[in-house]
Amino acid sequence: MRAPVTPAQQRLWFLAQVDPEALDYHIPLAYRLRGPLDTTALAGAVGDVVARHGALRTRFPLDGDGPVQEVLDGWRPDVAVRDSTAAAAGAQVAVLANTPFDLTAAPPMRAAILRLDTDEHILVLVLHHILADAWSVGLLREELAKAYTAHVAGTPCDLPALPTQYAEHARAARPDGSGTLAYWADRLAGAPVLELPTDRPRPARRGTAGTFDGFELGPDRAADLRTLGRAGRTTPFMTLLAAYLALLGLATGQDDISVGTPVSGRDRTDVEPLIGYFLDTVVLRGDLTGDPTFRDLLARVKATALEAYQHRDVPFEDLIARLDVRRDPARTPLFDTMLIVHSGAEDHGLALPGITAEYYDPGHRSVKFDLTFECFAGGGELKVVAHARRDLFDPASTAALVHRFGELLRLAAEDPGARLSTLYIRLTEAEHGPWRCAGPAATGSVLDLVDFGSAAPAVVHGDTTVSYVDLDARARRLAADLDGHGGLVGVQLPPGVDLVVALLAAWRAGAGYLPLDPDAPPRRTTDQIDDSGAGIVVTAGGIRRTGASTAAGPLAYAMYTSGSTGRPKAVAVPHTALAVRVRWMRDRYDLTAADRVLQFASPSFDTFGEEVYPCLAAGATLVIPTGARAELPDFLATEQGRSVTVLDLPTSYWHELCADPAAVPWPPGLRLLILGGEQVRPDALERWFAHVGDRVEVLNTYGPTEATIIATAARLTPADTTGRPPIGHPIGDTCAHVTGLGGAPVPDGVAGELVLGGPGIADGYLGRSTQRFADVGGVRHYRTGDRARRRPDGALEFLGRVDEQLKVRGYRVEPGEVEAALLTHPSVGHAVVTADGDGRLVAHLVPAPGATVPGPAALRAHLAELLPQYLHPRAYATLDRLPMTRNGKVDRAALPPVAAAAGEGRPPAGDAELLVAEVWQDVLGVEGIRADDDFFDLGGHSLLATRVTARLRASAGIEVPLRTVFHHTTVAALAVAVEELLLAEIDALDDDEVRRLLTEEAGR
């Protein structure tokens, strides 16, 4: 007997075709049975239950463009009784539980009885979810026990006749869901993707291997659940959903979160006794905007849940198709996390007469979603079973989420009127203690740290060497000419001894300095002088008085940085902040008089201070190279270059050098390399260690100008080449906090904005709003606008700029993740990913030395193994080199526009492309399909993909797996895959089959 599949079954069938090896929809049941078991009676009982329920005798062959149910009247599972041992049983059960089903070939059910001893057995039943739901499992256990009891007693089983069968339910007409569809289209419009804080990057294809951890939250949390239910007049499900949304808001920093939850379709009494798949899925969109109180969140969740239940008559799979949701092999459509709530305690019971039955772990470790919380609220207890993808989460991270879930329930029950941000602060303080930071440091300046009485060489530039005594004498003479100017002194000098003298002279004169780039456009220089109020400017031509003035207090320096409005702003750095940083650098870098430190950065870049002042404070020698920055490798080959022991380089420039580190004459006495300015790439780090080894210490530093040069540091090792190299721990008296909603601190592992505090923070901006600065507990703090998270070891990871994060089709995209994937291609040396005016990802690429950047098709194929589809750039541009700012960072504003990728728009060519294009045109109803058109961009979805495979099978006689359509989404790519399948099929033919086919072809 044949019947249509239900929409829910069609979804499971489709997923099984996309990934036939997936095990995530298996239902494994295993019980250890102790006592005098009658194995013949138990096998007969299994057969009786299967005979009673047509759903358990159903296979799902393809009929035309889609699957159908085919109920096999005489089919029974082979319940084999196998001898085993306690040691071997676990592996045997795991094989039964984890062997994939072919839904088209036979009913997806298997059963076995393992005999461990005369009175000890293990019963194993494995079903595919397409046959049964959780309610069905309870019916199966109950009927199996009754049938076994009857067999043992030799009496007929007294189970009542079933009023109907599942196939009849599937034939029933479904209600018109057009009105409901309009509701869901509005409700889910623009829903963002949930960005859970994973321990590893998301792979290109969704993994199903998982970890399952059960956590008993105990009677206290169950009491909290009841307390909150009374406060919000909500059901346990609604209350747990509110807590789950609050947890996800804490973990992601998002306030618009979609969660899936299963709902039963047993809405008639005649289907209640049926085994079958009656579940559907509802997407509940949580609203955390405005930092609501938990009581308000309960009210929002209650309204959302009630509305959703009133609009359930559109099956989830139909909703995906009708909303034109594009399938992504890396994710589940519409949601990535699920909440399941059972109204009773967890039950694994099987009541067989004379037998003691207990749950036996079937060794099944597959999960359906990124994260699922399955809650059992009954018997005065609350238990949570967390299901998490192993390719994304470490077990410790999952355990931390469950712990925080319980803590949020506790805190919310204590104070339902507390806002979420308050609950987050209380939770984080319970884990880490209150927000603390070092108080103000003792006053002082860099001048107090330098021994100017030393005759040792202080600065070397070309043929000029100046001792500390001479350096101070020259600075004092110039200071006298500055007339004791107490404001800001502009210094516009090229690299050299005179530049260092002028900066020290400004301090000796009681002023701060304003570095001015000699090569900057005159208008920019004039604007900076006028804006800052610098009254004196020191240039190569002498001292110029501008007539300007500033109200700024005594500063070490003011330094211009780019402003978010496009107008640069000057960061005001006090002497104490600089002295604190210099003292720490001198000590941590272990600088001594024997060191020779390269001066590489422009004075208008704060790394200049990291090179110069710790060096002078240690009595070391500052080595200023001759020539342009690009000529650094040439300078390192000179006698002065070979003498350098400490290098401080912009990370992006070091990346260029590490394209081929063997080509750079690194100084033989080099002992310390300091990096900063951008995220260190693991591939560059790997090449560095492969060439240099561990003889040179590598420090990765981080800090905005507003935090006075650096605020965190990490020593990098070869272990950091396999992941994201960290930016380390706060230095000295600096504190670093990762903050989320409302500026509340977030727990470890959660991404948020990085806030820095301590005596190294700048005073603010000259003549600008200082809203990013704040005094907390008497300590200066600065909101960086950088995203970071703290690892379990306490080290910070830099995740990008808050304002550089891109949004593509609802996904939050970190350009660095795409750039890192592109850089794994051996022909790509540098990569920068941005978004064009249409919101598409585009990539600017620089070839690796001696290589040529491959074409778009090859790059897409490379990324297909690394990144989900939504992270693939739609267009590429190849550059000789990336434009850089004067501070050594990539100048994104100077990147040229990216034209459409080569090859876009060409017509199909060749038999395979013409066949694919013809099939698409027929299935999609679209004329003029081109070779690089994308199936899903043209309106394709999962149901239409099934039709494509059916038409290709009919036209070419080739079996095209459904997953092939999802992994090769353009005409050209799918045509290549079809040709490869045909060739593989031909290769598998023997000589007689080849001759027969050739004869048939010749006769046509």
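I looked first at helices α7 (residues 218-232) and α9 (residues 294-310) in this predicted model, and found that their axes come within 9 Å and cross at roughly 75 degrees. Axes here are lines fitted to C-alpha atoms, for helices over the stretch in contact, with angles running from 0 to 180 degrees between N-to-C directions; helices are DSSP runs of H or I with at least four residues, strands are runs of E with at least two, and both are numbered from the N terminus. The two helices are therefore roughly perpendicular to each other, a label given to angles of 65 to 115 degrees.

I then noted who makes this contact (heavy atoms within 4.5 Å): Leu228, Ala231 and Gly232 of α7 meet Phe294, Arg295, Leu298 and Lys302 of α9.

Next I turned to an open sheet of three strands, ordered β39-β40-β41 with mixed pairing, where two strands pair if DSSP finds at least two bridges between them. I recorded β39 (828-835) and β41 (875-878) as the edge strands, each pairing on one side only, and an average turn of 25 degrees between neighbouring strands, direction ignored. Strand β40 (residues 841-847) pairs with β41 in the parallel sense over four bridges, and valine 842 has alanine 875 of β41 as its bridge partner.

Last, I checked the helices on this sheet: α23 (residues 856-864) packs on it, touching β39, β40 and β41, with its direction at about 115 degrees to that of β41. Helix α22 (residues 815-822) also lies across β39, β40 and β41, running at about 150 degrees to β39.

For my own reference, residues are numbered from 1 along each chain as its sequence is written, and side-chain values use heavy atoms, leaving out hydrogens and water. Local features need pLDDT of at least 70, side-chain atom pairs count only at pLDDT 80 or more, and totals for chains, interfaces and linings use all residues.

How values were computed:
Angles under 35 degrees count as roughly parallel, over 145 as roughly antiparallel, 65 to 115 as roughly perpendicular and the rest as oblique.
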